[in-house]
Every structure is written in structure tokens, then in C-alpha cells.
Amino acid sequence: MSVQHVGVIGAGIVGLAVARRITEVYPGTQITVLEKEDRPAVHQTGHNSGVVHAGLYYTPGSLKATLCRRGVGLLKEYTQEKKLPYDECGKLVVAITQDEVAGLKKIEEKSAANGVPDVKWLDNVGLREIEPYAAGVAALHSPRTAITDYVAVTDAYADDVRAAGGTIEFNFPVDGITQYNGKVQVKSNGRTLVFDRLVVCAGLQSDKVATWAGDDEGPAIVPFRGEYFELLPERTHMVKGLIYPVPNPDYPFLGVHYTKRVHGGVDLGPNAVLAFAREGYTRGTIKPSELFETLKWPGMRKLAQQHWRMGAGEMAGSFSKKLYVKFAQQYVPEIQASDLVKAQAGVRAQAVDRDGSLVDDFRISKLDKVMAVRNAPSPAATSSLAIAEYITDELRDLMVSATS
């Protein structure tokens, strides 16, 4: 039986989880992870909120729901094994008006269908027993929702890959993929590596890299920057865990919420504004060619037509701290603008179909000898070990056919 050479593009949390899993399932396989940066977890993973989601919101039976619930258990076990931080601080999903109670009930139904443990309905008195400074008419409490350090988790995955004999090639920005004669050629600045199989976990660049491997244009990645504030240390006592809004079912972004961080501190945010570059972590980061690609995508134009009011509101909150704080005060009324300082932003790789619909579930393409993760938004970090199981199972037929 010949040795299989498998490449994985992307040293974020999903890519390294996949590489790690392949070494477990197919020992002896030669694994090479290709990463354009000089270390793991630079982009979406490194700007993650650290929340380990319990599976409250996701459509029962969807990949998100199934892999999140599986992933939570695997991730908790892994952090315990590696002695990494994991804090079940709990989450409140708060209805601030009676109009939101029906939406909260739907979340309760989804969480029950998904098997989320220990979820409890609270009235306005009960929610203040959990979060004394919070306001609302009702809430769901998920005591098993946790926080962790996803960069540390990703570094540990990388160590596991290396310990199993795998290689991580940093400073390898992929600029071309060719499938030829049963092999996959991956190019970077004149270098070419050849693999029997390839898995693409390219995050913010996932659509572009997948099309090089022969996939369709859509869904296209539209980058949305999420801007955060953090509470001053003397005000963090006002938030004990996680305080989230009832999400708008027509919109994939949760809106401003409070997130306790595993190493201390409380973040407030994010909003969601169009980024002018795939990796546009600041307002001043503009790449005209990437912005043009975003704006010319038909789905982006249709998305803007459908959601321009919400987009305008998010943009207004981006430029007005006063307005941002007004959103936040709906959940913790005593918060003031003077309590907040700017924190790092993140960029969400939001997949948008040609018709303008926002891709909500995980989406993975099979392209002959290549598998491409086309959409892996939150809770991808929570689900990383379960996504790795799923991809490795899907890869099984290709691996068997190559060695038979």
C-alpha cells in the first residue's frame, strides 16, 4: 500500500483539526498543512470571541446543529486532556420586549430538539438572579455554554499534527491549484507541491481557492467586519457570563452582545459592517480589487437591496459610539460610554449565494480529489473536531480508492 500525500490549505482551527484527524484515522499518511501566514490562527480563529456554543439557535438536523453538539463534547474533553482553559460561564438569551418572547420560544424549541442540556426559561426576576445588571422581560439560560482560548486550542492541534509526523508549511500563499492525472498540484510563488488528496479550509479566501480547484463561483465570500468594545476592568463585574439578544431570523448576525473572555475582561459587540478587504480589520484597510470583487457579485447587490436598512443601522453604530452604547444599554442599562474602550475587530467570512441569500449552514464541496469547505461560520470553532470527523469520513472513499 503506497503512502498517501494529503494537503490541507489553511492553518486555522478547522484546517488543523482536519489535518490532526487524518493522522488519527489514516496513520502513515503524509500530511502537509499550507498556510500563507507565519503562524497558525492569524485570521478568523485569532479574532474569535472564544465562545463554545451549546447549539441553541441552529436548525435541528442541520450540519450546524449536529456538528456543534458533537463538537462541544469533543472540545471539552480535548481542553481537559491538554489542560487548556475552559469555563462554563453560561449564556443568557434575553428578550427585551414582549414582541421578542415568541422568538425566544422558538429558540427554546430548537435547543430542546438539538439536545442542549439544562436550558431553563426565566422570567424578568429569574434572569436578574443570573445577571443582576441585565434587563429584559424573559430569558433562556444555557449554563453549559462556555468560553475558551481558541488560539491555544489551534496551537495544540498544530502540535498534534507535528507529533504525528505532519508538516506545516508557513509563508506559503497558495495562488493556484491544478488537478491532473489523479494528482493535485498546489502552487505558491513558483513552488509546486503535489498531493494525492487536498482539503481546502481557507476561511476568508475559501471561495477563491475552491474555484481554482474547479468549484463554482458561488457562494461568494462577503467580508463583514465586526467591531468590538471592551469594558473597563472596574466595570466587568456587571457581566457574569454571556448576554445575547434574540436573533433576527432573517439576518445571520446576532447584534451587539456581551461576552466574558476566558483570560479576563468583557467584550461588547460586534456590529457587522461591510469590510473593504477580505482581511479588513480596520476601517482604513481597503483593497480596491477585493472590494470590486465583492460589489460585482450579483448576490451582494441583492443582499444590499434586501437588507439596506439594517446595514445602514450597523454602519451608523460603527461611526457613533453613542449609538453603539444605546444598543448595549437595552440589555445592561447602567453601561455608559465612558465604561468602554475600543477592542480588536474581527472579519466574518459570510457566504452569499447568487440570489442574495445568506448561507447559514456549513457547506462543503467535493471536487474529484479535492474537498473544499465553502462555508464554516460560527460555530465552526466549537465544532472544529466534529467538522474534522465529518470531512475525514467524507474523504474515506477517496483514500480507499487511492490505495486499493
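Which residues point one way from S14, and which the other way? Ala220, Val222, Phe224 and Gly226 point one way, while Ile221, Pro223 and Arg225 point the other way, and all are buried. Keep in mind as you read that this is a predicted model.

## Strand S14 and its sheet

Let's stay with S14 for a moment. This strand covers residues 220-226, and 7 of its 7 residues are buried, so we can call the strand mostly covered, given that buried means under 20% relative accessible area.

S14 has company in an open sheet of 3 strands, arranged in the order S19-S14-S21 with antiparallel pairing. S19 and S21 stand at the edges with a single partner strand each, so one side of each has no neighbour in the sheet. Try tracing the links yourself. S14 is joined to S21 (residues 346-352) by 7 bridges, and Pro223 stands opposite Ala349 in S21. S14 is joined to S19 (residues 273-274) by 2 bridges, where Arg225 has Val273 as its bridge partner.

## Strand S5 and its partners

Now move to S5, residues 91-95. This strand is mostly covered, with 5 of its 5 residues buried. Lys91, Val93 and Ala95 point one way from S5, and Leu92 and Val94 point the other way.

In which sense do S5 and S7 pair, parallel or antiparallel? They pair in the antiparallel sense over 5 bridges, with S7 spanning residues 138-142. Within this pairing, Val94 stands opposite Ala139. S5 is also joined to S16 (residues 242-245), and these two strands run parallel, with 4 bridges. Here Val93 has Tyr244 as its bridge partner.

## A buried isoleucine in helix H1

Helices deserve a look too. Ile22 is found in H1, which covers residues 13-25. Is Ile22 buried or exposed? Its relative accessible area is 0%, so Ile22 is buried.

What does Ile22 touch, apart from its neighbours within four places in sequence? Its contacts are Val6, Pro27, Thr29, Ile31, Thr392 and Leu395. Val6 is 16 residues away from Ile22 along the chain, and their C-alpha atoms are separated by 8.7 Å.

## Aromatic pairs

Rings are described in a simple way: a pair of aromatic rings is described by the distance of the centres and the angle of the planes. In this model the count comes to 3 aromatic pairs. One of them is Tyr78 with Tyr157: the ring centres are 5.1 Å apart and the planes stand at 65 degrees, so this pair is edge-to-face. Tyr78 lies in helix H2 (residues 63-82) and Tyr157 in helix H5 (residues 150-163), so the pair ties together parts that are 79 residues apart in sequence. Tyr78 counts as buried at 3% relative accessibility, and Tyr157 is buried with a relative accessible area of 0%.

Phe229 and Tyr324 form an edge-to-face aromatic pair, with 4.9 Å centre to centre and 70 degrees between the planes. Phe229 belongs to strand S15 (residues 229-231) and Tyr324 to helix H9 (residues 321-329), so this pair ties together parts that are 95 residues apart in sequence. Both Phe229 and Tyr324 are buried.

## Charges over rings

Phe229 has a further part to play in our tour: the charged end of Lys342 sits over its ring, 4.9 Å from the ring centre. Where does the charged end of Lys105 sit? It sits over the ring of Trp121, 4.1 Å from the centre of that ring.

How values were computed. Residues are numbered from 1 along each chain as its sequence is written. This is a predicted model: local features need pLDDT of at least 70, side-chain atom pairs count only at pLDDT 80 or more; totals for chains, interfaces and linings use all residues. Side-chain values use heavy atoms; hydrogens and water are left out. Buried means under 20% relative accessible area, exposed over 50%, partly exposed in between (1.4 Å probe, protein chains only). Two strands pair if DSSP finds at least two bridges between them. Contact means heavy atoms within 4.5 Å. Rings of Phe, Tyr and Trp (its six-membered ring) pair if their centres lie within 6.5 Å; planes under 30 degrees apart count as stacked, over 60 as edge-to-face and the rest as tilted. A charge sits over a ring if NZ of Lys or CZ of Arg is within 6 Å of the ring centre and within 35 degrees of the ring normal.
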